[in-house]
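Here is a friendly walk through one model, taking the annotated region, then a pair of helices, then the main pocket. Have a look at the fold before reading on.

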Amino acid sequence: MEKAAGFVIFRRLCGEIQYLLLKASYGSFHWSSPKGHVDPGEDDFTTALRETKEEAGYDEKDLIIYKDTPLTLNYQVQDKPKIVIYWLAELRNPCQEPILSEEHTDLKWLPKEEAKQCVGFKDNQVMIDKFHQMILDQNKPM
């Protein structure tokens, strides 16, 4: 079974919550959050950090990571099961632009509904909704 991990990165800019999506330079040129394969002996969270650094140039110190609330997606890639674990992470400096690797050709910061249209996959859309709700819940006065 293939396993991957990554971060759904968001920023707050001018009162709007925007999500980072990267365009793959291979395959169907799909848009997704930074993620990658878990290497042998590596834990999921370490993978998410490493891949985010490689794919977007962001380090753990650049992000506020919601470690306690990961979401897991299970889907098929070319008829093989794949598991992807995502954590939500906020970019500390909303003006800090990503540095793309060769794995991606483009990036977008999009508000929730546009981000959902961009990723296209149903489970990915549900995940964005769930994470968005977490962000909103966090901002509510207790």
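Over residues 1-132, this predicted model is 24% helix and 46% strand. The C-alpha atoms at the two ends of that stretch are 29 Å apart. The range comes from UniProt, where an unreviewed entry lists residues 1-132 as "domain: Nudix hydrolase".

Turn next to the helix pair. Helix H2, residues 112-119, packs with H3 at an angle of about 160°, and their axes are 9 Å apart. Because angles over 145 degrees count as roughly antiparallel, H2 is roughly antiparallel to H3. The crossing of H2 past H3 is right-handed.

H3 also brings us to the largest pocket, since at least two of the residues in its lining come from this helix. The space in the largest pocket is about 620 Å³. Of its 26 lining residues, Tyr26, His30, Lys35, Tyr75 and Lys82 are the closest to the centre.

These elements each supply at least two residues of that lining:

| Element | Residues |
|---|---|
| Strand E1 | residues 2-13 |
| Strand E3 | residues 31-32 |
| Strand E4 | residues 35-37 |
| Helix H1 | residues 44-56 |
| Strand E5 | residues 63-77 |
| Strand E6 | residues 80-91 |
| Helix H3 | residues 122-138 |

Which element gives the largest share of the lining of the largest pocket? E5 does, with four residues. By class, the lining of the largest pocket has eleven polar, eight nonpolar and seven charged residues.

Definitions and conventions. Residues are numbered from 1 along each chain as its sequence is written. This is a predicted model: local features need pLDDT of at least 70, side-chain atom pairs count only at pLDDT 80 or more; totals for chains, interfaces and linings use all residues. Side-chain values use heavy atoms; hydrogens and water are left out. On a 1 Å grid over the protein atoms alone, a cavity is a set of points where a 1.4 Å probe fits but cannot get out, and a pocket is an open set with protein on both sides within 12 Å along at least five of seven lines; lining residues have an atom within 4 Å of a point. Grid points are joined across faces, edges and corners, and a volume is the space filled by probe spheres set on the points. Ala, Val, Leu, Ile, Met, Phe, Trp, Tyr, Cys and Pro count as nonpolar, Asp, Glu, Lys and Arg as charged, and the others, Gly among them, as polar. UniProt positions are given in the numbering used here, feature names are shortened, and annotations may be inferred rather than shown by experiment. Axes are lines fitted to C-alpha atoms, for helices over the stretch in contact, and angles run from 0 to 180 degrees between N-to-C directions. Angles under 35 degrees count as roughly parallel, over 145 as roughly antiparallel, 65 to 115 as roughly perpendicular and the rest as oblique. A crossing is left-handed if the near helix is turned anticlockwise from the far one by less than a right angle, and right-handed if clockwise.
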